[in-house]
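Reader: I would like to look closely at one enclosed space in this model and at the parts of the chain around it. Please take your time over it, and say how each term is meant.

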Amino acid sequence: MNIFRASVIAAATGLALLAHSSIVMAKDKLVLGLPIEPSGLDPTIAAPVAIREVTWGNLFEGLVTIDEGGAIKPLLSTSWTVSPDGLVYTFKLRSGVTFHNGTQFDSSIVKASLDRARAEDSTNAQKQFFAPIASIETPDPSTAVIKLKHPDGLFVYHLGWGDAVMIDPKTVDGNSTTPIGTGPFKFKEWQRGDHVELVKNENYWDAGVPKLNDVVFRFIGDPQAQAAALRAGDVDAFPNFSAPELFDEFKGDTTFEAAVGSTTRKLVAGLNNEREPLKDVRVRQAMMMAIDRKTVMDAAYSGYGIPIGSHFSPIDAGYIDLTSTLPYDVEKAKALLAEAGYPNGFKLTIQTPQMSYTTRAAQVLQAMLSEIGITLEIAPSEFPAKWIDQVFMKKDYDMTIVDHAEPLDIDIYARPNYYFNYHNPSFNEVVEKAGQSADDATRAKLYGDAQTILAKDVPALYLFDLPRLNIWNAKVRGLWKNEPISQVFVRDAYWAD
């Protein structure tokens, strides 16, 4: 071959490769894997965390947001003030914000959104957050004044949850399938059983955000399939990777970033406190003492996590370690069960969502409880649809197992219709005082008291706090490692050069 021609070909090939490399490095699309497909796309009408992972901060926004460190930051409001008596909150609203359909965001939207959330017929999963509201006034388009019936030290914090997003009243009926918000991305399509696709909001109020043009959330429930999709490059990132037994393999591969983050996801085995023999606190205490939390954690999550002794996350303010309140002791558990009148044990059925870690945990619980004579039948439960209907709504169960992802959600045990069927006036009083306190130290102390009551009363078996196992392409930037609130924010995500 002519040397000159060969040199030209080599140079041209090099330029082509360089051009191709530049195209690859300038990727503007991100494909994320999620283990559970949402039942809908409106976070203001249903409970499943999967809804918020796709929508919160990406499609919908609230007056405030919670950052990766758990701090409250302005979002659709720029600032707020609180009256000395803690009853009046005045929010200054961000100007120039529009919904994806062109509707202007202003104080009338704030009033409509929060009035809807607190309405008598509201199906908002956190409706109780809005119950303290007495009225909402709109003195001008850029100001919203919210008056409370009583002080609520966590009121602004709760406005940072996905349940408190701002909604255009004209889109209420369609948001579950074709959501319209103010977020950095707009809804493009939902192919049920496969993915949700979002595209860049060219009119987003925050200049330079987002950096991506296209984001796809793919739903892959099987842990082995999650790993295969990552290795094949079919997905670029998998927050909340569901195969902890495979996680270490990715840690050793420089193609990926594999990071362990903290979460508020508490794995608990809920008990129906109105059913015999679970009504008896001694039975519940015996069951807790029959459980070796570390062994459950090893089996269910390959040793990742933090054992807990009550319904509280180690990253939340006020946490205390109560794992020693009812420590693992099979002989004492047997004696307590006999004292309660069940020397030969009894039978229970545990409704188990189909996630691999809940199934593995249920199998370990089955073996451990058999040591004290309790026969545990494992009944698989499709999550979220079947489990929400049977356990959460109808309370038709003996025992279940699920992770509670919301931060500072210990107040669920004070809700009269919650699925645990737990009723303790003393606990309710402590939680109410904690919620109304504006002093951080006082609130933390009261939350400690509430944790202690639950650790002794055992309305659920407290197992461990799950970590967030993140795996993403090593060139991906801007995704959160930690999970102070249930979300998969992609507004700041981008590909590094």
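Into how many nonpolar, polar and charged residues does the lining of the largest cavity divide?

Author: The lining of the largest cavity divides into seven nonpolar, three polar and three charged residues, where Ala, Val, Leu, Ile, Met, Phe, Trp, Tyr, Cys and Pro count as nonpolar, Asp, Glu, Lys and Arg as charged, and the others, Gly among them, as polar. This is a predicted model, in which local features need pLDDT of at least 70 and side-chain atom pairs count only at pLDDT 80 or more, while totals for chains, interfaces and linings use all residues. Residues are numbered from 1 along each chain as its sequence is written, and side-chain values use heavy atoms, with hydrogens and water left out.

The structure holds one cavity of 30 Å³ or more (on a 1 Å grid over the protein atoms alone, a set of points where a 1.4 Å probe fits but cannot get out; lining residues have an atom within 4 Å of a point). The volume of the largest cavity is about 80 Å³ (the space filled by probe spheres set on points joined across faces, edges and corners). Its lining is made up of 13 residues, and those nearest its centre are Arg-52, Trp-161, Asp-163, Glu-406 and Ser-486.

An open space can be set beside this enclosed one. The second largest pocket (an open set with protein on both sides within 12 Å along at least five of seven lines) holds about 600 Å³ of space. It is lined by 29 residues, and Ile-72, Leu-154, Tyr-157, Asp-440 and Arg-443 are the closest to its centre. Two or more residues of this lining come from each of strand 4 (77-82), helix 4 (155-158) and helix 13 (440-457) (helices, H or I with at least four residues, and strands, E with at least two, are DSSP runs numbered from the N terminus). Helix 13 gives the largest share of the pocket lining, with four residues. In the lining of this pocket, 16 residues are nonpolar, seven are polar and six are charged.

Strand 4, which contributes to that pocket lining, also belongs to an open sheet of four strands in the order 4-5-7-6, with antiparallel pairing (two strands pair if DSSP finds at least two bridges between them). Strand 4 and strand 6 (133-140) stand at the edges with a single partner strand each, so that one side of each has no neighbour in the sheet. Within this sheet, strand 5 (88-93) and strand 7 (143-148) are paired in the antiparallel sense over five bridges, and Tyr-89 stands opposite Ile-146 in strand 7.

A further open sheet of four antiparallel strands follows the order 14-19-13-18. Its edge strands are strand 14 (306-307) and strand 18 (402-404), each of which pairs on one side only. Three bridges link strand 13 (266-270) with strand 18 in the antiparallel sense, and here Val-268 faces Val-402 of strand 18.

Past strand 18, in the loop that leads to helix 12 (425-436), lies Leu-408. This residue has a positive phi of about 50°, although it is not a glycine, and it is buried, with a relative accessible area of 14% (buried means under 20%, exposed over 50% and partly exposed in between, for a 1.4 Å probe and protein chains only). Asn-240 likewise has a positive phi, of about 60°, without being a glycine; it sits in the loop between strand 11 (237-238) and helix 6 (244-251), and it is buried at a relative accessible area of 5%. Most residues other than glycine have a negative phi, and most peptide bonds are trans.

On the side of the peptide bonds, the one from Val-209 to Pro-210 is cis, with omega near -5°, and Pro-210 belongs to the loop between strand 9 (195-200) and strand 10 (214-219). Glu-276 and Pro-277 are also joined by a cis peptide bond, with omega about -5°, and Pro-277 is found in the loop between strand 13 and helix 7 (281-289).

Strand 9, which precedes the loop of Pro-210, runs antiparallel to strand 8 (185-191), and six bridges join the two. In this pairing Phe-185 stands opposite Lys-200 in strand 9. The two strands form a hairpin with three residues between them, and Gly-193 in the turn has a positive phi of about 85°.
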